[in-house]
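This report addresses selected backbone and helix-packing features. The sequence and structure are shown first.

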Amino acid sequence: MPSLNANGIRIAFDTAGDPKAVPLLLISGLGLQLTAWPDEFVEGLVELGFYVIRYDNRDTGLSTKFEHAGTQNLVLAWLKSLLRWPIRPPYTLEDMADDAVGVLSALGVARAHVVGMSMGGMIAQLMAAKYPSRVLSLTSIMSSSGRRGLPGPAPAVKRALMRRPKPNDADAMVEHGVQLLQAIGSPTYPTPEKELRRRVARALRRNCCPGGVLRQILAVTASGDRRTQLHTIVAPTLVIHGAADPMVPLACGADTAEAIPNARLEVIEGMGHDLPTQLLERLLALIDAHAHGKMTPDSTPRLFVKQ
């Protein structure tokens, strides 16, 4: 796996397609490696004429780890956020947005379409706000604005997230990963357990950094409400969200679309917090139409879910 220097760290990356084609940057979510983007999805983007760039976020995969920052007290950070006290994470989501721009610069890419999922959507949002000249279009998938008061994960997802298997027990790690993916997955488009096990085992073989996940959670918690930055985004924006998302509920995607000027919200019934194979063709079509300015007007009013 090749790597590059950007923003003072080493970042592992991968590319697919013709380097002369229109660049499209994929930004992964919390604790997810670049391999979390399905190969079929990447191949589909290449077939649509994109030069696809994906990379491991800091503290994930084969990129630089911040183990020197030590163990993070997430409960204390959560209490501080409730009290609106300052939180000092080892790095911020803005640092991670700087990483994304650094990847493009290191590869000689001036501008790109940017697609982020979950935490990657948050990073993509900040990238579009901070570096408007580098973003051709923004697609934010199953993400959030960070507004205080938005609903959080469903109880079953919280329980799955709280479980901490022993890092030296490979079978327990795989089992935990499968249970978490089942808890957040799309109820209408379930992924077979055998395939989930294959994906989890593949990810663990490539890299495992539980501390990195905790530090990324702290970065998300510290970022708080990002609507002020979202109001400044000028890139054409598509917000895609599953109506059945148990991790980041639909209200979060709706709030994101409401905060970004002229953003379009696309709600997919039966979709949870994953990229099921059954929906890849639809997702590809949405991103392709959005990137090429061919989105048709909504047949129904854009949906906003108020709390």
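## Residue D59

In this predicted model, D59 has a relative accessibility of 1% and therefore counts as buried, the limit being under 20%. The residue is located in the loop that connects β4 (50–55) with α2 (74–83).

The backbone of D59 is notable for its phi of about 70°, a positive value although the residue is not a glycine. Most residues other than glycine have a negative phi.

## Residue M142

A positive phi is also found at M142, a residue other than glycine, with a value near 40°. M142 belongs to the loop between β6 (135–141) and α5 (155–162). Its relative accessibility is 3%, so M142 counts as buried.

## Packing of α5 and α6

Helix α5 follows the loop that holds M142. The axes of α5 and α6 (residues 170–184) come within 9 Å and cross at roughly 160°. Because angles over 145 degrees count as roughly antiparallel, α5 is roughly antiparallel to α6. The crossing of these two helices, α5 and α6, is left-handed.

Which residues of α5 and α6 meet? On the α5 side they are A156, V157, A160 and L161; on the α6 side they are H176, L180, A183 and I184. Classified by type, the contact of α5 with α6 comprises 7 nonpolar residues and 1 polar residue, with no charged residues. The polar residue is H176, because histidine is not among the residue types that count as nonpolar or charged.

Terms used. Residues are numbered from 1 along each chain as its sequence is written. This is a predicted model: local features need pLDDT of at least 70, side-chain atom pairs count only at pLDDT 80 or more; totals for chains, interfaces and linings use all residues. Side-chain values use heavy atoms; hydrogens and water are left out. Helices (H or I, at least four residues) and strands (E, at least two) are DSSP runs, numbered from the N terminus. Buried means under 20% relative accessible area, exposed over 50%, partly exposed in between (1.4 Å probe, protein chains only). Axes are lines fitted to C-alpha atoms, for helices over the stretch in contact, and angles run from 0 to 180 degrees between N-to-C directions. Angles under 35 degrees count as roughly parallel, over 145 as roughly antiparallel, 65 to 115 as roughly perpendicular and the rest as oblique. A crossing is left-handed if the near helix is turned anticlockwise from the far one by less than a right angle, and right-handed if clockwise. Contact means heavy atoms within 4.5 Å.
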